[in-house]
Amino acid sequence: MKSSGVATVALYLLAAIASSPSLSSAQAEAPVAVGTIAGQVLDASTGDPLIEAGGEGIGIAKTIRTDLDGHYSVKVPPGTYQVRFFAPLYQGARLEKVVVQANKVAKADVPLKPQGQVGVDVVEVVAQAQKAAEATQLLKRQRATVVSDNIGAETIAKSPDA
């Protein structure tokens, strides 16, 4: 009789476990409400979209990248956020108080100002001019104050006379 009683109790336990909703299925049934922050990152002076500009939400563990048209989109839980955007050769910009509501899109376009000539390197090349070259002789003729004629070593070498 003991073995049939244990089997009955085991059957009741299995039936109770099978009929009760599990934690993971309960979580799957309740959708988590999210909203979206979306917009476009633009050059403030020209209005052109900035490709591959970066961004980050402060307090959010997500990074943002713009596409070929400068558009971005990130899904976040409802709330109020600060979002910071940056791109090479541009000053960063921060959007304050971006309000995100459940199942809605918060539109946030961002103009970034160019930093100017900060990232440009100037290289100056200094070379010695070849005075016997034909091009140099032509420049001497053009810049001369008196009419004269110069013949370079290249021109003499090309002539058929000995």
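**Close-up views around strand β1**

Three bridges join β1 to strand β7 (residues 105-107), and the two strands run parallel. This is a predicted model.

**View 1. Strand β1 and its parallel neighbours, β7 and β8.** In the pairing with β7, Ile37 stands opposite Ala106. β1 is also joined to β8 by 3 bridges, again in the parallel sense. Here Val41 stands opposite Val110 of β8. Of the 9 residues of β1, 8 are buried, so the strand is largely enclosed by the rest of the structure.

**View 2. The antiparallel pairing of β1 with β4.** These two strands pair over 6 bridges. Thr36 has Lys75 of β4 as its bridge partner. Gly39 stands opposite Tyr72 in β4. The two residues of β4 named here belong to opposite sets: Tyr72 is on the covered face and Lys75 on the uncovered one.

**View 3. The two faces of β4.** Tyr72, Val74 and Val76 make up the covered face. His71, Ser73 and Lys75 make up the uncovered face. In a regular strand, side chains alternate between the two faces of the sheet. Tyr72 has a relative accessibility of 4%, so it counts as buried.

**View 4. The largest nonpolar core.** The core has 20 residues. Ile37, Val41, Tyr72, Phe85 and Leu112 have the most contacts inside it. Five elements each give two or more residues: β1 (35-43), β4 (71-76), β5 (79-86), β6 (93-100) and β8 (110-112). In soluble globular proteins, nonpolar side chains tend to be buried together.

**View 5. The surroundings of Val41.** Which residues does Val41 touch, leaving out those up to four places away in sequence? Core residues Tyr72, Phe85 and Leu112 are among them. Val110, the residue opposite Val41 in β8, is also touched. The list further includes Asp48, Pro49, Leu50 and Ala53. Thr66 and Gly70 complete it.

**View 6. The aromatic pair of Tyr72 and Phe85.** The count of aromatic pairs comes to 1. Its rings belong to Tyr72 and Phe85, and the pair is tilted. The centres lie 4.8 Å apart, with 55 degrees between the planes. The pair links distant parts of the chain: Tyr72 is in strand β4 and Phe85 in strand β5, 13 residues apart. Is Phe85 buried or exposed? Phe85 counts as buried, because its relative accessibility is 0%.

**View 7. The largest cavity.** The structure holds 1 cavity of 30 Å³ or more. The largest cavity has a volume of about 30 Å³. Ile37 of β1 is one of its lining residues. Val74 and Val76, from the covered face of β4, also line the cavity. The rest of the lining is Gly57, Ile60, Lys62, Ile64 and Val83.

**View 8. The whole chain, for orientation.** The secondary structure comes to 4 helices and 8 strands. From the N terminus on, the elements run α-α-β-β-β-β-β-β-β-β-α-α. The chain has 162 residues, of which 22% count as buried. Among contacts with a separation of 6 or more, 50% involve residues 24 or more positions apart.

Conventions. Residues numbered from 1 in each chain as written. Predicted model: local features only at pLDDT ≥ 70, side-chain atom pairs only at ≥ 80, totals over all residues. Heavy atoms only, no water. Core = buried A, V, L, I, M, F, W, Y, C linked by side-chain atoms within 4.5 Å. Buried < 20%, exposed > 50% of the residue type's maximum accessible area, 1.4 Å probe, protein only. Contact = heavy atoms within 4.5 Å. Pairing = 2+ DSSP bridges. Phe/Tyr/Trp six-rings, centres within 6.5 Å; stacked < 30°, edge-to-face > 60°. 1 Å grid on protein atoms, 1.4 Å probe; cavity = no way out; pocket = protein on both sides within 12 Å on 5 of 7 lines; lining within 4 Å. Points joined across faces, edges and corners; volume = space filled by probe spheres on them.
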